[in-house]
Amino acid sequence: MSLGDPTSDSAPLFSSDSEAEGPEDQGGQRPPEEESPSGVSKVRALLTVLILCYINLLNYMDRFTVAGVLPDIEHYFGINDEKSGLLQTVFICSYMFLAPFFGYLGDRYNRKFIMSVGITFWSLVTLASSYTPKEHFWVLLLTRGLVGVGEASYSTIAPTIIADLYVKGKRTNMLSVFYFAIPVGSGLGYIVGSQVSNVAKDWHWALRVTPGLGLIAVLLLLFVVQEPKRGAIEARPELHMQRSSWLTDLRALSKNCSFLLSTLGFTAVAFVTGSLALWAPTFLLRAAVFTGERPPCMDAHCASYDSLIFGAITCVTGVLGVASGVQVSRQLRKRTARADPLVCAAGLLLSAPFLYLAIVFAQTSTVATYVFIFFGETFLSMNWAIVADILLYVVVPTRRATAEALQIVVSHLLGDAGSPYLIGVVSDSLRKTDSFLWQFRSLQLSLLLCAFVAVVGGAFFLATALFIEGDRNRAENYVPTDDEPIVVPKSGRSTRVPVSSVLI
């Protein structure tokens, strides 16, 4: 079989530790000690999760560094809220449109090499974006869009590796560790970006931190991470691991109500987090200027205290939210199999009033605003690990990377791809004058949309609870139908034929 054959796990992409490699492929040498069905030892599996967690941390740290220095960028390029929102939108658009492509590759080729190439590209482009000249804002937009290419190669694939290393309770625990990196990395993006900019007196240096850390991540991927066997940890019969065509995968996922509804619920989470991630520090700065607590930003370098405080809150609330969400779900599972979507729904519905109060109280009490943001973000963060776990147990192993990619596309297309730009457009349209009052008031009114979207997302998760038991049972007991096409190697190429034509 050729090296590039995408139809078999025994055909890795330039890898010596392929998924199908067994003791007989190692020259008769004894297998690694305490090797699990995944083909990866317990120690190596734990190291793999920690490395993936580190990369996820860098992923979100890089993503929100720009938000941490957004007032500086607005002042440097002389742009309005609409153009500022485009910085996040172009990144998310490239990220989501390429996610299905990397999901397709992730279901068929060696995953660690795909991630290594993507992270290298993302690191180099991020470094290049830090040299954008003042007269060419479009160059910064272009490079931020290209960063999304690299990040798409990682985000669609990493959770599927964890799914192939652990099952049930251990999988949930490892996913919670992995998703701790989202809020913590986001918070560090604000903190590191704003503080590096503050020390260097130049926001460009904020974009030069993650590239070096990204190259370290590539080395760890290449020399430490080992590719696990797909689905082996779940002890599936070989028949269940036959890979169907991509169109068959899409048709199957389109009939999976739990996957569709939880994806729409997660879209609401993405909309809210995307809006707050880009605009919250700027909103807090404008509120402080409006109330007279802070002088207006007139220099090339704006004060960074709001980004620092918001980043710290994001780190703490992320850890609390993810941990509490997992623990509440674990306890509730003892009473009902619908625990996961119910916890997600509760998190969104509880976050909505706190986010509303945080936005409204910004003009009267800074302390109250931060307190409400703390509770709102904590409840919002309860969803991260649970939504990922839902996808993994309602989708069969050979379709998981594709499902991850589709969830990324939908959640970003309808969520945080447009929400930062939408908030900026609404803010500009509501602004009657360019006074400090209307700079604050217009952004305040536009951010109120987040509370409404959170309620809608909660409703989608409540609907997910109606289907979760049936979809999970179908995934766990999945058997291909007679007319479902599978990919069969023929002379080194892929051929789609019905199962009935190859079974004897």
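Which helix does Leu50 lie in? Leu50 sits in helix H1, where helices are DSSP runs of H or I with at least four residues, strands are E runs of at least two, and both are numbered from the N terminus. The model is a predicted one, so local features need pLDDT of at least 70 and side-chain atom pairs count only at pLDDT 80 or more, while totals for chains, interfaces and linings use all residues. Residues are numbered from 1 along each chain as its sequence is written, and side-chain values use heavy atoms, with hydrogens and water left out.

Overall, the chain has 20 helices and 2 strands. Of its 504 residues, 57% count as buried (under 20% relative accessible area; exposed is over 50%, partly exposed in between, with a 1.4 Å probe and protein chains only).

Back to helix H1. Leu50 is partly exposed, at 45% relative accessible area. Val43, Leu46, Leu47 and Leu50 make a nonpolar surface patch of about 350 Å²; patch residues have over 30% relative accessible area and no salt bridge, with like charges joined within 9 Å and nonpolar side chains (Val, Leu, Ile, Met, Phe, Trp, Tyr) within 5 Å. Areas come from the Shrake-Rupley method with a 1.4 Å probe, and for residues only the protein chains shown count as cover. Asn59 is in H1 too, which covers residues 42-63, but Asn59 is buried, at 0%. Leaving aside neighbours within four places in sequence, Asn59 is in contact (heavy atoms within 4.5 Å) with Trp122, Glu151, Tyr154 and Ser155.

Now for the charged pairs. The structure holds 9 salt bridges, each a side-chain nitrogen of Lys or Arg within 4 Å of a carboxyl oxygen of Asp or Glu. Here are three of them:

| Acid | Base | N to O distance |
|---|---|---|
| Asp249 | Arg399 | 2.8 Å |
| Glu469 | Arg338 | 3.1 Å |
| Asp428 | Arg431 | 3.8 Å |

Glu469 lies in helix H20 (residues 468-476) and Arg338 in the loop between helix H12 (305-332) and helix H13 (339-361), so this pair ties together parts that are 131 residues apart in sequence. Glu469 is partly exposed at 37%, and Arg338 is partly exposed at 31%. Salt bridges that share partners also join Arg333, Asp340 and Asp389 into one network. As for the Asp249 and Arg399 pair, both residues are buried. Asp428, at 21% relative accessibility, counts as partly exposed.
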